[in-house]
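Hello,

Here is the structure I promised to pass on to you. Please have a look at it first, and then read on for what turned up.

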Amino acid sequence: MKGQFPILTVLLALGAAASGCNLAVSREAYDKDLAAMRGQQEQIEAQKSSLNDQLQACEARYKAKNDELSTCIRDKMAAADSFKACDQKLEKMSKIGGNCARDLATCQIDSDGLKKAKLELTAAREALQGFVGTVFVNCVDVPLMPAALISAMLHAHHASGHAATLLTARLDDPAMYGRIVRNKKTDTVERIVEFRDASAEQRALHEINSGTYCFQAPLIFQILDEITPDNDQGEYYLTDVVERLIAHGEQVGAVVAPEESMVAGINDRAQLAEAEVRLRHAIRHRHMLNGVTLVDPATTFIDGDVEIGSDTVIGPFTMIHAGTRIGQHCIVGPYSQLFAAILEDGAEVDSSRIEKSIIRSGAKVGPFSRLRAGCDIAPGAEVGNFSEMKNTKVGPRSKVHHLGYLGDTTLGEAVNIGAGTITCNYDGKKKHPTRLGDNVFIGSGNLLVAPVTVGDNALTGAGSVVTHDVPAGKVAYGVPARVIRDRETPKDPNTA
Ligand SMILES: CC(C)(COP(=O)(O)OP(=O)(O)OC[C@H]1O[C@@H](n2cnc3c(N)ncnc32)[C@H](O)[C@@H]1OP(=O)(O)O)[C@@H](O)C(=O)NCCC(=O)NCCS
């Protein structure tokens with residue numbers, strides 16, 4: 001409003017200069033205008049004040065909102081912190097929960113183990129009810145323990161009359177085996193202490209418990225009732241019976257194994273493999289001392305119960321499995337696998353697989369034959385390249401030389417089976433037999449649709465499909481095979 005006065009002053013000056021007679025009127029108008037202007041000025045001042053008040057109110061509201069926002073941000077940050085803390089707590093709790101679950105599972109396993117141990121003990125007690133004598137206890141994971149050592153231990157036990165006899169061993173590195181604690185003066189066994197429960201002095205001992213025992217029954221069962229799981233693992237230790245027996249005034253003896261390997265337990269597959277190497281070496285050694293030639297012992301695998309006659313030669317890369325019996329002067333291998341096979345004296349098997357079958361004296365199988373269960377190859381018979389058989393009897397001097405399958409078949413004497421012959425013994429539901437008489441000649445590539453019989457001295461032409469019996473002494477061929485003519489009795493039955 002200040003700016004308006006100079007304008008007004010100028011107007012008045014101009015007005016005065018323009019007309020001196022109207023000066024009074026102008027003055028009145030001027031006052032009026034001035035009053036109006038002052039009124040306006042007051043109004044404006046009032047508006048200004050009101051606006052100022054509004055502004056202050058706004059600023060106050062803004063400040064209040066700002067404070068509120070700051071509080072919100074602080075609250076949010078605090079909430080985030082406590083959320084994080086909660087998360088951490090939750091994670092911690094879930095870890096504790098997991099540990100608890102594991103502990104619970106372990107407890108269950110432990111308690112199951114204890115229950116099982118008690119059940120087994122009860123079973124043993126029941127089985128040996130009323131038994132008076134020696135109870136022999138052995139671990140099942142000690143495969144290299146020789147029978148002679150067990151005999152020696154039993155002998156020592158009976159001779160001493162002790163309540164118990166332990167089998168121990170002295171090891172350079174006794175590792176975590178239970179230690180034998182002996183009386184320092186008398187050297188008699190006082191107790192067995194498990195590694196976990198052993199003192200530093202006891203751990204320094206080198207004589208270990210093998211886990212093989214002789215106990216007197218029924219005394220042992222009475223003592224077992226006194227055993228408590230009062231040890232580091234909370235288990236019932238069979239080894240505690242030693243201390244208990246001595247507490248009862250009984251004596252406990254010990255037999256020390258001459259070699260560490262004899263009492264070595266198997267704890268993993270590497271140790272199992274090592275034990276197998278030792279065992280197989282010992283088996284091969286025994287056979288070689290018995291007069292069997294192993295061309296390459298390192299690649300020859302022979303199971304424990306296999307019997308082999310002297311002067312038999314076993315070629316490289318041959319596996320002779322349980323239940324196999326091989327006579328004298330046989331030739332087996334190379335590259336053969338025998339499963340519960342029986343080879344009579346002088347039989348030969350070359351690069352073939354024989355399962356639960358008999359190869360008679362002088363018979364030859366291979367190379368590359370597979371005889372499945374139930375085959376019987378007679379003296380002088382030959383089964384050759386890529387021939388598969390199952391439940392088939394091959395008569396003396398008969399020949400099945402090349403590429404074929406004979407199932408549920410009986411061959412007479414001096415039969416010749418042409419290359420690629422197959423017995424169709426299975427109709428989708430049942431197996432059927434094929435019977436071939438003496439001196440039968442089966443041409444190459446025959447299909448013998450079982451059940452079918454080819455009589456003595458009969459012959460079938462190459463590529464025949466034999467769906468009906470062929471009478472003795474006849475020639476038949478074709479698809480299906482028809483009897484064509486008689487066959488002259490051959491001088492050499494193995495010729496057409
Ligand atoms: C059947 C066989 C012994 C000949 O018998 P064969 O009575 O002397 O017969 P032939 O040679 O006189 O031939 C007579 C007819 O039968 C046919 N024939 C011969 N063998 C035949 C056979 N296996 N399948 C179908 N037709 C045959 C001939 O082609 C001939 O037919 P054609 O008159 O129209 O020319 C002979 O052909 C044969 O198959 N031998 C088996 C050889 C074999 O497989 N050996 C095994 C080695 S592992």
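Below are some notes on a sheet, a ligand site and one loop residue.

Please keep in mind that this is a predicted model.

Let me start with the sheet. Twelve strands form an open sheet with mixed pairing, in the order β7-β10-β13-β16-β19-β22-β25-β28-β31-β34-β36-β37. The edges are taken by β7 (293-294) and β37 (482-486); each has a single partner strand, so one side of each is left without a neighbour in the sheet. At the β7 end, two bridges join β7 to β10 (residues 313-314), and this pair runs parallel. Within that pairing, Leu294 sits opposite Ile314 in β10.

Next, the ligand, which should be of interest to you. Its shell is made up of 13 residues, and the closest are Gly418, Gly443, Ser444, Gly461 and Ala462. By character, the shell residues split into six nonpolar, six polar and one charged. The sheet comes back here: β36 (474-477) and β37 each contribute at least two residues to the shell.

Finally, a residue in a loop. His248 is found between α6 (240-247) and β6 (252-256). Is His248 buried or exposed? His248 is exposed, because 12 other C-beta atoms lie within 10 Å, and a count of 12 or fewer is the cut-off for that class. In sequence His248 is 25 residues from Ile223, while in space their C-alpha atoms are 9.1 Å apart.

Happy to talk any of this through.

Best wishes

Technical notes: Residues numbered from 1 in each chain as written. Predicted model: local features only at pLDDT ≥ 70, side-chain atom pairs only at ≥ 80, totals over all residues. Helix = DSSP H or I, 4+ residues; strand = E, 2+ residues; numbered from the N terminus. Buried ≥ 20, exposed ≤ 12 C-beta atoms within 10 Å, placed from the backbone. Pairing = 2+ DSSP bridges. Near = placed C-beta within 6 Å. Nonpolar A, V, L, I, M, F, W, Y, C, P; charged D, E, K, R; others polar.
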